[in-house]
Amino acid sequence: MTWFLGLGIVGVVLLVLSLVLDGVLEGLFDGSGVLDGLFDGLLSLPVIAGFLSMLGFGGAIVLGTTGLGAAPATLVGAGAGVATGWLTWKATRALMRDDTAGTPRGDDLVGTAGTVVTAVPADGYGEVLLRLAGQPAKFAARSQVAVARGTEVWVTGLLSATSVEVRPVER
């Protein structure tokens, strides 16, 4: 029973280390050519940690709750470890493939609505508050017509990384 519990604890400690030291072990051997790719996929640290912890805890559960010996407990623990390792591998692959939205660009502003925070004189510059990727951002704004403070505007073009061309919203 002690061996099984020890394996389970080692697996949990290994999992914590793999989360805390994310990529350090792989980085130690990076460029040596000897172990390139060894820690990817089925031999990644989280997969090995999942296997060891389920081998240990699964074996301890079988040994403690049934009258079976160490060999059947090892087989059941190994089966649970293989299943957990495979699930961990599938989950990490899915998470690594998860493609988040790209970084917002200035062109994404064209066609969005905003509010004038500093009045925009005709053919001059003022300031507008826009939402870029859900976050408020203040931009210099230019308009062909004068736009008063508090007016809702549409972005019609991008002048630079920090300035836009706007027109008032017609209602």
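User: What share of the protein's 171 residues counts as buried?
Analyst: That's 26%. To get into that group, a residue needs under 20% relative accessible area. Keep in mind that this is a predicted model.

User: How do you know how far to trust the prediction, and what does the protein average in pLDDT?
Analyst: The average is 83, and 82% of the residues score at least 70. That score is the predictor's own confidence in each residue, on a scale from 0 to 100.

User: Where in the protein is confidence lowest, and where is it highest?
Analyst: The low end is α2 with a mean of 60, while strand β1 (residues 113-118) tops the list at 93. As a rule, where pLDDT is low, don't read the predicted coordinates in detail.

User: How many helices and strands are there in the protein, and what pattern do they follow along the sequence?
Analyst: You get four helices and five strands. Reading along the sequence gives α-α-α-α-β-β-β-β-β.

User: Why is Leu-21 called partly exposed?
Analyst: Its relative accessibility is 43%. Buried would need under 20% and exposed over 50%, so a value in between is called partly exposed. Leu-21 sits in the loop between α1 (2-20) and α2 (24-28).

User: What makes Leu-21 eligible for a nonpolar patch on the surface?
Analyst: A patch member needs over 30% relative accessible area and no salt bridge, and Leu is on the list of nonpolar side chains. With 43%, Leu-21 clears the area cut-off. Its partners in the patch include Ile-9, Val-12, Leu-17 and Val-20, and together the patch has about 800 Å² of accessible area.

User: And Gly-79, why does it count as partly exposed?
Analyst: Similar reasoning: Gly-79 has a relative accessible area of 40%, and partly exposed is what falls between the 20% and 50% cut-offs. Gly-79 belongs to helix α4 (residues 70-97). Leu-55 is 24 residues away from Gly-79 in sequence, yet their C-alpha atoms are 7.6 Å apart in space.

User: What makes β2 and β3 a pair?
Analyst: Two strands pair once there are at least two bridges between them. Strand β2 (residues 125-132) and strand β3 (residues 135-142) have eight, in the antiparallel sense, so they qualify. One of the matches puts Leu-130 with Ala-137 in β3. The hairpin has two residues between the strands, and Ala-133 takes a positive phi near 60° there.

User: How do you know which strands β1 pairs with?
Analyst: Same test, two partners. β1 is joined to strand β4 (residues 152-158) by three antiparallel bridges, with Ala-113 opposite Trp-154. Three bridges also join β1 to β2, again antiparallel. There, Val-116 is matched with Val-128, and Thr-118 stands opposite Glu-127. The β1-β2 hairpin has six residues between its strands, and Asp-123 in the turn has a positive phi of about 55°.

User: What makes the pairing in the barrel mixed?
Analyst: Look at the directions. β2 and β3 pair in the antiparallel sense, whereas β3 and strand β5 (residues 163-168) run parallel, joined by three bridges. In that parallel pair, Ala-140 has Ser-163 as its bridge partner. The five strands close into a barrel in the order β1-β2-β3-β5-β4. Ignoring direction, neighbouring strands are turned by 55° against each other on average.

Technical notes. Residues numbered from 1 in each chain as written. Predicted model: local features only at pLDDT ≥ 70, side-chain atom pairs only at ≥ 80, totals over all residues. Heavy atoms only, no water. Patch = residues over 30% accessible without salt bridge, like charges linked within 9 Å, V, L, I, M, F, W, Y side chains within 5 Å. Areas by Shrake-Rupley, 256 points an atom, 1.4 Å probe, with all protein chains shown as cover. Salt bridge = Lys/Arg side-chain N within 4 Å of Asp/Glu carboxyl O. Buried < 20%, exposed > 50% of the residue type's maximum accessible area, 1.4 Å probe, protein only. Axes fitted to C-alpha atoms, helices over the stretch in contact; angles between N-to-C directions.
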